[in-house]
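Hi everyone, thanks for making time for this. I'd like to walk you through the spaces in one structure, so let's get it up on the screen.

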Amino acid sequence: MFTQPIATLRRDGDALVILDQTRLPWRVVERRLATLEDVAEAISTMRVRGAPLIGCVAAYGVAVALSTGAGDDAVLDHALTVLRATRPTAVNLAWALNRMDARLRPLSSAARREASWIEAGDIYAEDAAMCAAIGASGMGLLRAMPRRAGRTLRVMTHCNAGWLATAGMGTALAPVYAACAEGLEVEVFVSETRPRNQGLLTAWELAAAGIRHTLMADNAAGLLLMRGEVDAVIVGADRIAANGDTANKVGTYLKALAARASGVPFYVAAPVSTFDAGTACGEMIPVEERAAEEVFFVEGLDGEGCPKRLRLAQEGTCVVNPAFDVTPADLVSGFITERGMIGVEGLSDFLRSVRT
Ligand code: MRU
């Protein structure tokens, strides 16, 4: 059974301690978030990232705010408003904040403090359990997948939807971790994921777990898929609309198109908290636009192993930086969830069942 080598967050008194993902894969550094503003900054600058983890951290952010403030309605409302505004696309954020609101609103100011830590802890623990269940259902899929003679099963992924992005073993990587733990060998093609290069986080995770993987530039995906070098694409999601249109890290859509053109199945792995019955279709999903700076600059280590930030494009260059794209439902072969595999045609029944 796979467990997170390092917890993505932990409580420290009235503060939250996170693993600062902006320092990875070069340095493992924790950061203490002692105020609501610290938590909001950590989410919006992507010190913590990945839809499920963003939801968990936002929930803990409410607890931090209530513990350091009066705990009354004004403080609760302010915390919810500030945290809601941090990142718009991942629906897990709103899902977690709505759940905190529903749990805490009826309580007295004094009772809210401890209750907020308990509820956030429950959200975190439940996310870990959901990841494990996603791993189990995805492993069944990988097991049943036809493999080419003399070759390990090959999965391509995009961004980072591993343990760093959740409270447990991840979403898109959970089937891989589960399969490898059961002795089924799987190799992973890891897309670099410009501009924030979350693929480096995936490569770091897989290296630590001893799982064979190959890092590639995002633009190599089409050729590898066309050549039949990949058996399946599995990605995570930030929001899945009621019709199955899926928002995920920018670049996902191109992989889905290339997978369809090459006859390779394309799966989305996500917990119930990522499905948004209230958003009818992809066009209604807010796509986060991030700073041009992320495209202008690249970060890495210099020859001496010191972190460095380098400018790529010349000043004044016009830049567009959408953080996500939306893959139409008809390109998705199935959703790997904690409740098993769901086909696009079964999505409305699934959404009804999770609401009741
Ligand atoms: O901008 P990020 O790094 O938070 O985006 C993350 C992704 O797009 C992930 O694929 C998605 O959140 C699923 S994480 C389990």
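The second largest pocket holds about 240 Å³ of space. Before we go on, please keep in mind that this is a predicted model.

So, which residues line the second largest pocket? Going along the chain, they are H158, R194, D218, N219, A221, G222, V250, G251, L254, K255 and A258. Two elements give two or more residues to that lining, namely α8 (221-226) and α9 (252-262). Of the elements, α9 gives the most, with 3 residues. If you like to think in terms of chemistry, the lining of this pocket splits into 4 nonpolar, 4 polar and 3 charged residues.

Now let's turn to the largest pocket. Its volume is about 690 Å³. There are 28 lining residues here, and those closest to the centre of the pocket are T22, W26, T45, R196 and E299. Four elements each supply at least two residues of the lining of the largest pocket: the helices α7 (198-208) and α10 (293-296), and the strands β12 (297-301) and β13 (307-311). Which of the elements has the largest share? That would be β12, with 4 residues. By class, the lining of the largest pocket has 11 nonpolar, 7 polar and 10 charged residues.

Next, the ligand. Where does it sit? The space taken by the ligand is the largest cavity. Around the ligand there are 19 residues, and the closest of them are R49, R87, D238, N248 and K249. In that shell, 8 residues are nonpolar, 7 are polar and 4 are charged. Both α2 (51-68) and β9 (246-249) supply at least two residues each to the shell around the ligand.

Let's zoom in on some contacts. In the side chain of D238, an N or O atom is 2.7 Å from an oxygen atom of the ligand. Q198 also reaches the ligand through its side chain, with a polar atom 2.8 Å from a ligand oxygen. For A51 the contact is through the backbone: a polar backbone atom there is 2.8 Å from an oxygen atom of the ligand.

And how much of the ligand's accessible area does the protein cover? On its own, the ligand has 420 Å² of accessible area, and the protein covers 100% of that.

To leave you with one picture: the ligand takes up the space of the largest cavity, with D238 among its closest residues. Thanks for listening, and I'm happy to chat over coffee.

Terms used: Residues numbered from 1 in each chain as written. Predicted model: local features only at pLDDT ≥ 70, side-chain atom pairs only at ≥ 80, totals over all residues. Heavy atoms only, no water. Near = heavy atom within 4 Å. Polar contact = N/O pair within 3.5 Å; in protein donor to acceptor, adjacent residues only side chain to side chain. Areas by Shrake-Rupley, 256 points an atom, 1.4 Å probe, with all protein chains shown as cover. 1 Å grid on protein atoms, 1.4 Å probe; cavity = no way out; pocket = protein on both sides within 12 Å on 5 of 7 lines; lining within 4 Å. Sits in = over half its atoms within 2 Å of the grid points. Nonpolar A, V, L, I, M, F, W, Y, C, P; charged D, E, K, R; others polar. Points joined across faces, edges and corners; volume = space filled by probe spheres on them.
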